[in-house]
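Here are some exercises to work through with the model open beside you. Try each task yourself before reading its solution.

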Amino acid sequence: MDTLKIEASKILNHGKDGVLIVNESRVITYANISAREILEYDDLFGQPVHDVFRIYNYYTKEPYNNFVDEVFQTERPTGLLKESAIRTGKDHYFFVSASISPIIENGVKGVVIFFKDISRLKNTELELSKFRKAIENSIEAVVITDGKWDIEYLNDRSQKRLGQSDVILKSNFWDTAKYNITWMEKEVMYEDLEKDKYWVGDVRGDSYDEKWYRVSIVALTDVIGNIINYVISEVDVTFEKESQRLLINERKNLSTIVNGAPIGMMTVTKEYGVLQINEECRSVLGVPLSRPQNILSMVEEYPNLHIVIELIGRVLKSDNEVRGFEFFLIKEEHDKKTKSWIKANAVPIDITEKRCVLLSFEDETVKKDMARTIARNERQLRLVTDNMQDIIIQISILGKIEYYSSSYQNMIGPTKESLINQSIINYIYDEDHEILRRMMLKCKDSQGNIKFEIRFINAMKEPIWVEVMMKLIENDENDVSFILYGRDVTQRRIAEQEIVHSKEIAIAANNAKSEFLANMSHEIRTPLNGIIGMANIALMQTQDSKQKDNVSMIKHSAENLLKIINSVLDFSKIEAGKLTIEAHSMDLNEELNKFIKPFKIQASQKDINLEMFIDEKICPTLEGDITRVIQVVTNLIGNAIKFTEFGDVKFSVICFKEDNETQWIRFLVKDTGIGIKDEDKHKIFQSFSQADGSVTRKFGGTGLGLNITKKIVELMNGTIGFSSKYGEGSEFICTLPFKKDFKRKTTTHEEATIKNEAIGVGYNILVVEDDKINQKLAQRLLKRKGYGITMVNNGQEALDIYEDGRFDLILMDIQMPIMDGLTATRLIREKAQDKIPIIALTAYAIKGDKEKFLKKGMDDYISKPIDLDDFYRILDFHLKAKKNDDHAIQRILEKLNVDEHKDASDERKLFNMHYEKMNMQLKYIASSINKGEYEKLEERCYAFKNFVTSIKMHDLRKLVFTLELHIRKENELEIVKSYQAIIDYINARTDDSLKGVEIHENINR
């Protein structure tokens, strides 16, 4: 029972949750390591629980009622309130969750409390709430879908347009949004999203909703680039579109007016004869002139020609042009007189060496009316642009502001002076000045529209993100300017930053998963080392063939478990596409016969008949990755046995095709189990999936095995499939290609044996290991070779006990409490004068671990579970152990530095002085010899040797050392002789005989 309590205490001490056990007096009787660390107390044992487990409201710091008393009163388990916090021994507060349960044995005998720090979880919830609040309060309608466009989330604004979330969740976004968009336009949008992960466009609603929407879509991807979500934001831009349409129409009208303005053209000779005249000129002057009429002849009928004749005479007389000459005409049409203002230009020209005058006439009446119309339209346009949500800025080629809309003024806030002729650079964020310069050059060179994002600054010098469309325009004076159409996207930028932050959290979670797999590998490998190591020792010590066969199956199963653990670690590599398949020579027949034995025992326990057939045509030796093959077959046969209640499981290995170099082997596993429903067959090879949830509850399992199996088979260029009928059974078929190996010869394998060779006699090894089973394993393996062993539990103890020259080699575990192996190695290296070999003995066995440990100061590396051949080979390499026992003993004795000229009277005084202490220690040694407790005996003998060394009894130390050697070899007869020699030696040098140090006569068992 005490052993069970110790093991339970170890398990609780390795947990991350704090654990407290409280008796009826409300006093703590047990606290694990995590509890002391979380509560910040060095020792909690014996303390009143009300003093150390203090629960408060995190925000108000008001104390809550004591939950421990509540459990004692109600005899029911309870938990804490949502905002509960704990106050530590150092007056720190943090969020905590806890379960408080009664220990009932004829009434409540005590309470056990499990609790943990959830501050990080609370902080994460707070950050997510901020992100959600930003989306909920967005001025844009926001929708989040999955990778197939099925709606997962809508904010309030999107619900107002699309409908309540509980109605349309999981519906397709395109069916719900009802945009007027063709399939071709949608395909182009999909291509943009796949390429740039972002798309923005203006889309019109369907016939029932003729509004315009500016839609932006962001594609969110997983770590390998697959799109997993779409974030769609939508803004109603109907007013903007209508304003743009009106603006375009007005510009067209103005252009039509300008292009259609009547300009009359006429050429006249110096004799006033008409050479050319257009219809517009006749209309402007109101005279039906035609060539070659003479203007002078028509003056009487059309008095308006007097002014034209005067203008022509003025040009001919001065031989200079006249521009901007204005006059008015009185016209009669349908008995109605009208007055028209005319603007004329007259230029002297030579035609066929004759002096002529070119005249142009423009009816200013229409132009004046047009000017009034244009002025009115400009006022209307300014009204529109000043009330648009988007900003408009016109800048010169040098960056001077020529025009800005009132929306821009509203965005940056009030200023003391006008922005006209100010440099636009003054209103751009300092770090973005160069961006604006580059965009202006690019726009000028390309003569096209340039879209980019830039930060403006407001009156408070705060940055504002603006999405800008820049366009080059040409002025009337053939000068150029830039028009900037912009929109404030600061909120969108904030949302994008939140998305990036969420992605970083996801990456951190994935890294935590990898770290968890590595830690779990270490934790599982540690007990496996004990299982496989002890199985090896049992194989060495037993001669019973049946018992040896049973132990061999235990060892083989443990080794298969180790392979499966390695395959679980490979799952992350499979996801990342980094799993590699190795090719080695193998005897497939031999490997399968070894592998099937544990499954036969498992099948017989369920009264299932397990049959195996191996085709004789299969080559004796093939090239392949036998570890992966066994992993695949283990999964298939394991599943068949697990899901079969009665009947048969048949395992067949058949060579169904071959050529000169390759054999294609088909592995068939057929069972009479529960089978698979047709509607569940598509789930079989999916990750974390089983055909039926009830199956998981009944048979157990994660649903991960077949997914890994399928990927491993495909990596080996194979195929896997199945057929099944519900209620009758299933058949899985896996086909793999193997190259024939013509070089390898078959050999018989024998279990490794370890002779009790004394190659380690004379060498002391310090073993630093916290696991008790692994301590015993190391002790037995080293003792069989005669090595001296000192065992400590962690790096701190190793550092405390280390002395130069005392140890010849250190076996160092890596993960240990108090101080880890890497830290201990570094500190020993700093402390030691001579470089002692330090070998990592660890369950960390992931690729790259060995190189990492060697860089940290280790001399070599042994992975758990231990390979015996490698273990002794590495020790021998670093110690260069001598094979001669006498040589080794002589080497130690030389270190003792015996003083042969010691005074006998001084020696007796020394023995009498330390008589009581020696007598006590020899009593303990005698007790261990009588009980046959060799491990404890070696420890007590080692302590006694250190004691006699400290008081410089060198001759006695030689006798103790001889006893220590015999203890390592477990030679009982020699132990008795050596011990008696020590007793006789001491009795001869003291005034009193040793008492209570006798050995039983029947010691030889």
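**Exercise 1. Which residues outside its own stretch of sequence does Phe 667 contact?**

Start by setting aside its neighbours within four places in sequence. Then look for heavy atoms within 4.5 Å, the cut-off for a contact. You should find Leu 588, Leu 592, Val 629, Val 633, Phe 651, Ser 652, Val 653, Phe 732, Ile 733, Cys 734, Leu 736 and Phe 738.

A word on ground rules: this is a predicted model, where local features need pLDDT of at least 70 and side-chain atom pairs count only at pLDDT 80 or more, while totals for chains, interfaces and linings use all residues. Residues are numbered from 1 along each chain as its sequence is written, and side-chain values use heavy atoms, with hydrogens and water left out.

**Exercise 2. Which elements give two or more residues to the largest nonpolar core?**

First, pin down the term: a nonpolar core is a set of buried Ala, Val, Leu, Ile, Met, Phe, Trp, Tyr and Cys residues joined through side-chain atoms within 4.5 Å. Buried means under 20% relative accessible area, exposed means over 50%, and partly exposed is in between (1.4 Å probe, protein chains only). Next, take the core itself: it has 42 residues, and Leu 588, Phe 651 and Phe 667 have the most contacts inside it. Now list the elements: α18 (588-605), β24 (608-614), α19 (626-642), β26 (647-658), β27 (662-671), α21 (705-715) and β29 (729-740). These labels follow DSSP runs numbered from the N terminus: helices are H or I with at least four residues, strands are E with at least two. Helix α19 gives the largest share of this core, nine residues. As background, nonpolar side chains tend to be buried together in soluble globular proteins.

**Exercise 3. Is Asp 671 buried or exposed?**

Find Asp 671 in strand β27. Its relative accessible area is 10%, so Asp 671 is buried. For its surroundings, skip residues up to four places away in sequence: Asp 671 then touches Ala 640, Thr 644, Asp 648, Val 649, Glu 728, Gly 729 and Ser 730. Finally, try Ile 641: the two residues are 30 apart along the chain, yet their C-alpha atoms are separated by 7.8 Å.

**Exercise 4. How many bridges join β27 to β29?**

Two strands pair if DSSP finds at least two bridges between them. Count along β27 and β29 and you get nine, with the strands running antiparallel. One pair to spot is Trp 664 opposite Pro 737. Then move to β28 (residues 719-725), which pairs with β29 in the antiparallel sense over seven bridges; here Thr 719 has Thr 735 as its bridge partner. The hairpin of β28 and β29 has three residues between the strands, and Gly 727 takes a positive phi near 90 degrees there. Strand β25 (residues 622-624) also runs antiparallel to β29, joined by two bridges.

**Exercise 5. What is the strand order in the open sheet with parallel pairing?**

Trace the five strands: β31-β30-β32-β33-β34. At the edges stand β31 (788-792) and β34 (860-863); each has a single partner strand, so one side of each is left without a neighbour in the sheet. Inside the sheet, β30 (residues 764-768) pairs with β32 (residues 809-812) over four bridges, in the parallel sense. Val 768 stands opposite Met 812 in that pairing.

**Exercise 6. At what angle do the axes of α30 and α31 cross?**

Axes are lines fitted to C-alpha atoms, for helices over the stretch in contact, and angles run from 0 to 180 degrees between N-to-C directions. The axes of α30 (residues 934-950) and α31 (residues 954-969) come within 10 Å and cross at roughly 165 degrees. That makes α30 roughly antiparallel to α31 (under 35 degrees counts as roughly parallel, over 145 as roughly antiparallel, 65 to 115 as roughly perpendicular and the rest as oblique).

**Exercise 7. Where is the cis peptide bond at Pro 292?**

Begin with the bond, which joins Arg 291 and Pro 292 with omega at about 5 degrees. Pro 292 lies in the loop between α11 (279-285) and α12 (305-318). For contrast, most peptide bonds are trans.
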